Amino acid sequence: MIKVSSPTQTIFEQGTLSNTGLDHWNANSSGNGQLKRIELDDSFRARHGYAVIGNAVNTNRDASIRVPITPNSGKYTLSVKFKLVPDTPGSAIPLARIWSDSKMEWIGYGDRTKIDTWVTNSWQIDTANWGPAAYETLQIGLNGSGSIYIAEPQLEKGTVAHDYMPSPYDNSLDWRY
């Protein structure tokens with residue numbers, strides 16, 4: 001689930017923001033890794049996440065979803081859990097970025113030394129000085145050879161990351177309480 005919230009109000013946009021499976025997430029970039037829906041264990045608040053499996057050397061492979069971010073609409077925080085499984089140590093790095101028809105904004109990279117363990121990353125996104133765009137997509141994935149597992153992505157308005165919370169538009173069977 002991608003959730004957009006403000007300090008006083010949580011905003012969910014039906015049909016645009018969902019983590020109920022790959023029906024809303026799409027594979028993109030030049031890599032050959034396969035995007036798959038995965039089942040998460042009981043330590044997660046969501047039942048499902050996704051993975052990019054078997055990506056090739058020196059290519060990016062991401063999952064993307066359109067997000068309701070507009071130019072000059074303030075600051076946002078992206079939080080996501082990654083588990084990186086490179087083909088060899090140091091051969092892959094987790095990444096997150098915003099892509100549109102007019103730009104690519106790197107949000108950040110995860111730690112390539114944290115291997116085969118879940119790590120939570122949070123990054124700030126500042127929309128100041130963004131030019132107009134027909135759409136904005138959030139892309140989360142990896143650069144390099146190997147696989148990455150991704151869980152509980154959450155996009156929030158503001159500069160504070162909060163604990164993951166499912167969207168009311170997600171299938172309630174996908175939630176854990």
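**Salt bridges in a predicted model**

Glu152 counts as buried, at 5% relative accessibility. The model is predicted, and the exercises below concern its charged side-chain pairs.

**Exercise 1.** Determine which side chain meets Lys81 in a salt bridge, and where the two residues lie.

*Solution.* The criterion requires a side-chain nitrogen of Lys or Arg within 4 Å of a carboxyl oxygen of Asp or Glu. The side chains of Lys81 and Glu152 satisfy this criterion, at 3.0 Å from N to O. Lys81 belongs to strand β7 (residues 75–86) and Glu152 to strand β12 (residues 146–157), so the pair links distant parts of the chain, 71 residues apart. Next comes accessibility: Lys81, with a relative accessible area of 23%, is partly exposed, whereas Glu152, at 5%, is buried.

**Exercise 2.** Establish whether Arg97 and Asp62 are buried or exposed, and which strands their salt bridge joins.

*Solution.* The closest N and O atoms of Arg97 and Asp62 are 2.5 Å apart, and the two residues form a salt bridge. Arg97 lies in strand β8 (residues 92–100) and Asp62 in strand β6 (residues 60–66); the pair therefore ties together parts 35 residues apart in sequence. Both Arg97 and Asp62 are buried.

**Exercise 3.** Classify the accessibility of Lys103 and Glu136, and locate the pair in the chain.

*Solution.* Lys103 forms a salt bridge with Glu136, with 2.8 Å between the closest N and O atoms. Lys103 is in the loop between β8 and β9, and Glu136 is in strand β11 (residues 136–144), so the bridge ties together parts 33 residues apart in sequence. Buried means under 20% relative accessible area. Lys103, at 14%, is buried, and Glu136, at 4%, is buried too.

**Exercise 4.** How many salt bridges does the criterion give?

*Solution.* The count comes to three.

Terms used
Residues are numbered from 1 along each chain as its sequence is written. This is a predicted model: local features need pLDDT of at least 70, side-chain atom pairs count only at pLDDT 80 or more; totals for chains, interfaces and linings use all residues. Side-chain values use heavy atoms; hydrogens and water are left out. Helices (H or I, at least four residues) and strands (E, at least two) are DSSP runs, numbered from the N terminus. Buried means under 20% relative accessible area, exposed over 50%, partly exposed in between (1.4 Å probe, protein chains only).
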